[in-house]
Amino acid sequence: MSFKDILNSGKFVVTAEVGPPKGTDIKEMIHHIELLKGKVDALNVTDNQSAVMRICSMAVCRICLDHGVEPILQMTCRDRNRIGLQSDLLGASVLNIKNVLCMTGDHVLAGDHKQAKPVYDLESVQLLGVVNSLNNGKDMSGNDLRGATDFFQGAVVTPEANPLEPQLIKFEKKVKAGAKFFQSQAIYDINRFKEFMKYARRFPVKMLAGIVVLKSAGMANFINNNVPGIRVPQELIDELKAAGKEKALDTGLNIAARHIKQLKDENICDGVHIMAIGMEDKVPIIMERAGLL
Amino acid sequence: MIITKKRELQELMENLKNYKSFFLIGCSECASLCGTGNQEAIDSLTESLKAEGKEVTGGFVPKTGCQVLGTKVELKPFKEALDKSDCILVMSCGAGTQAAVEIFEDKPVYPTNDSLFLGNMTRFQMFDERCSLCGKCILDKTGGICPVTACPKGILNGPCGGCKDGKCEVSPDIKCAWVRIYERMKRLDKLQELCDTVLEAKDWSQNIKPRTLATRPEKKEEKKK
């Protein structure tokens, strides 16, 4: 069953992500894809994440398909103009890539080619509109396509953004532009996320909660001080501190598993998106502890 | 106004090493407000050039250095000093430099400044970029704050995920353009309008360079006479 069908069937879905490497050695990446095969429902492939130049998302999506894992093509507007984006979408379509996650993309200044010209000819809302249009057999200029695409398109949302309301206005624009599913930025406060879901449930979209494993109290503090749109509550930082250095990661895995279990058991959202960020081998452990394997 | 920044003397001298005598042209408009093309700037550069062993045959601050014909007329009384120089230095923006190139067909012309952006003066010699001259204004849709300019990504439909506590991911010194737009629209009680407006991708064909414009009335009748 496709990711779209699984999501629409009402099953609690799990997605994870794979970050393409910088360079042509893909042994480790393939190991991670194989590790997650049959466990997750789909695998996001990041698009030059953090503006660091790597293998393109589309090629790795195709590799995922070759290894029997359904990919979600992450597509940012940072590096391609509207011609490049549409052309890549058509290319992805004929490579049988069905899911696309439309994002604006981190600024080039975040990455390793700071002198690059940032493009942003479009942004996430407009890119969703373009996907919708290609699905309807027309390009952005209104020209007919010989064969339409059939993408299942999603977007991202930041429930812990500060200020939140401008982000929610954008979220609603993304829904109107045709987003069918959302993967959220990492969330750590389930009660606050429940409040967000009360709002989000008013819209006909599927919501996957973002899960990022906390490795240590230091990492949690770093996130709170530096990463936009993520807030780790003090009680979790205390829990990690109390666990001590040796058991911090294990405690972080437990926290992730506990949150996933609660999200599923209380039917708070439609699934989770686990961002392991270099710890892909830990994803099955989290899923097991959450009772999903 | 056009914001200009003085080049470091070392970079300037690299261009000027093969010339001996210079005539300096400033501008009484933007470059004067920037302090890069006023009489003080001309005097200061004159001193620096002399210290490097160069000769300065004269200097002048025209009213509007980018106005080709007007500047040409204003420079007429300086013919002798201009003729004596073997190089013209323009202490305004790239437009001023190219006006001089048009006026002095047979003389080398070099810029002493880098032209940075179209800016507002917020305090004395402090400048902010507010307009990108994109060719199609959207300020009517964004509460009068330009996201094409104020957002490093120039995005048109709300903040990206990089906004932290109202600040931009590119720099904490930049307030998120879309938070500013949101706050202004809220103050004006126009949030619904903000929610309902989805801006389409910009038409960059309005921005094909070089752009030209004639706003004066056609004078075909007179020409016939």
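Visitor: Let's start with one residue: where in chain A is A:Thr24 placed?

Guide: Happy to! A:Thr24 sits in the loop between strand E1 (13-18) and helix H2 (27-36) of chain A. Keep in mind as we go that this is a predicted model.

Visitor: Is A:Thr24 buried or exposed?

Guide: Exposure is read from the relative accessible area, and over 50% counts as exposed. A:Thr24 has 78%, so it is exposed. For a sense of distance, A:Thr24 and A:Asn135 are 111 residues apart in sequence and 32 Å apart in space, taken from C-alpha to C-alpha.

Visitor: Now a strand residue. Which strand holds A:Gln183, and is A:Gln183 buried or exposed?

Guide: A:Gln183 belongs to strand E6 (residues 181-186) of chain A. The cut-off for buried is under 20%, and A:Gln183 has a relative accessible area of 1%, so it is buried.

Visitor: What does the side chain of A:Gln183 make a polar contact with?

Guide: Its partner is the side chain of A:His273, at 3.3 Å. Beyond neighbours within four places in sequence, A:Gln183 is also in contact with other residues, including A:Thr15, A:Asn44, A:Ile72, A:Leu101 and A:Leu208.

Visitor: Let's move to chain B. In which helix is B:Ser32 found, and which backbone oxygen lies 2.6 Å from a polar atom of its side chain?

Guide: B:Ser32 is in helix H2 (residues 30-34) of chain B. The backbone oxygen is that of B:Cys27. With a relative accessible area of 17%, B:Ser32 is buried. Setting aside residues up to four places away in sequence, B:Ser32 touches B:Cys27, B:Gly37, B:Asn38, B:Val61 and B:Gln125.

Visitor: B:Gln125 catches my eye. What is the phi of B:Gln125?

Guide: First the general idea: most residues other than glycine have a negative phi, and most peptide bonds are trans. For B:Gln125, phi is near 50 degrees, a positive value in a residue other than glycine. B:Gln125 lies in the loop between strand E6 (113-123) and strand E7 (126-129) of chain B, and at 34% relative accessibility it is partly exposed. B:Leu133 also has a positive phi, near 55 degrees. B:Leu133 is in the loop between E7 and helix H7 (147-150) of chain B, and it is partly exposed at 45%.

Visitor: And the peptide bonds: which residues does a cis peptide bond join in chain A?

Guide: In chain A, a cis bond joins A:Asn162 and A:Pro163, with omega about -5 degrees. A:Pro163 falls in the loop between strand E5 (152-157) and helix H6 (165-176) of chain A. In chain B, the bond from B:Lys209 to B:Pro210 is cis, with omega near -5 degrees. B:Pro210 is in the loop between helix H9 (191-196) and helix H10 (220-224) of chain B.

Visitor: How should I read a pair of packed helices?

Guide: Two packed helices are described by the angle between their axes and the distance between the axes. In chain B, helix H1 (residues 9-16) and helix H3 (residues 39-51) pack at about 65 degrees with their axes 12 Å apart. H1(B) passes H3(B) in a right-handed crossing.

Visitor: Which residues of H1(B) and H3(B) meet?

Guide: From H1(B) come B:Leu9, B:Leu12, B:Met13 and B:Leu16, and they meet B:Leu45, B:Ser48 and B:Leu49 in H3(B). Sorted by class, that contact has six nonpolar, one polar and no charged residues.

Visitor: At what angle do helix H7 and helix H9 of chain A pack?

Guide: Helix H7 (residues 190-200) and helix H9 (residues 234-265) of chain A pack at about 35 degrees, with axes 11 Å apart. H7(A) passes H9(A) in a right-handed crossing. Here A:Ile190, A:Phe193 and A:Lys194 in H7(A) meet A:His259, A:Gln262 and A:Leu263 in H9(A). By class, the contact has three nonpolar, two polar and one charged residues.

Visitor: Last topic, aromatics. How many aromatic pairs are there over all chains?

Guide: The count comes to 13 aromatic pairs over all chains. Take A:Tyr199 and A:Phe203: their ring centres are 5.3 Å apart and their planes are at 65 degrees, so the pair is edge-to-face. A:Tyr199 is buried at 13% relative accessibility, and A:Phe203 is buried at 16%.

Visitor: Which residues form one aromatic cluster with A:Tyr199 and A:Phe203?

Guide: A:Phe171, A:Phe182, A:Phe193 and A:Phe196 join A:Tyr199 and A:Phe203 in one aromatic cluster. You have met A:Phe193 already, in the contact of H7(A) with H9(A).

Terms used. Residues numbered from 1 in each chain as written. Chains lettered and ligands numbered in written order. Predicted model: local features only at pLDDT ≥ 70, side-chain atom pairs only at ≥ 80, totals over all residues. Heavy atoms only, no water. Helix = DSSP H or I, 4+ residues; strand = E, 2+ residues; numbered from the N terminus. Buried < 20%, exposed > 50% of the residue type's maximum accessible area, 1.4 Å probe, protein only. Polar contact = N/O pair within 3.5 Å; in protein donor to acceptor, adjacent residues only side chain to side chain. Contact = heavy atoms within 4.5 Å. Axes fitted to C-alpha atoms, helices over the stretch in contact; angles between N-to-C directions. Left-handed = near helix turned anticlockwise from the far one by under 90°. Nonpolar A, V, L, I, M, F, W, Y, C, P; charged D, E, K, R; others polar. Phe/Tyr/Trp six-rings, centres within 6.5 Å; stacked < 30°, edge-to-face > 60°.
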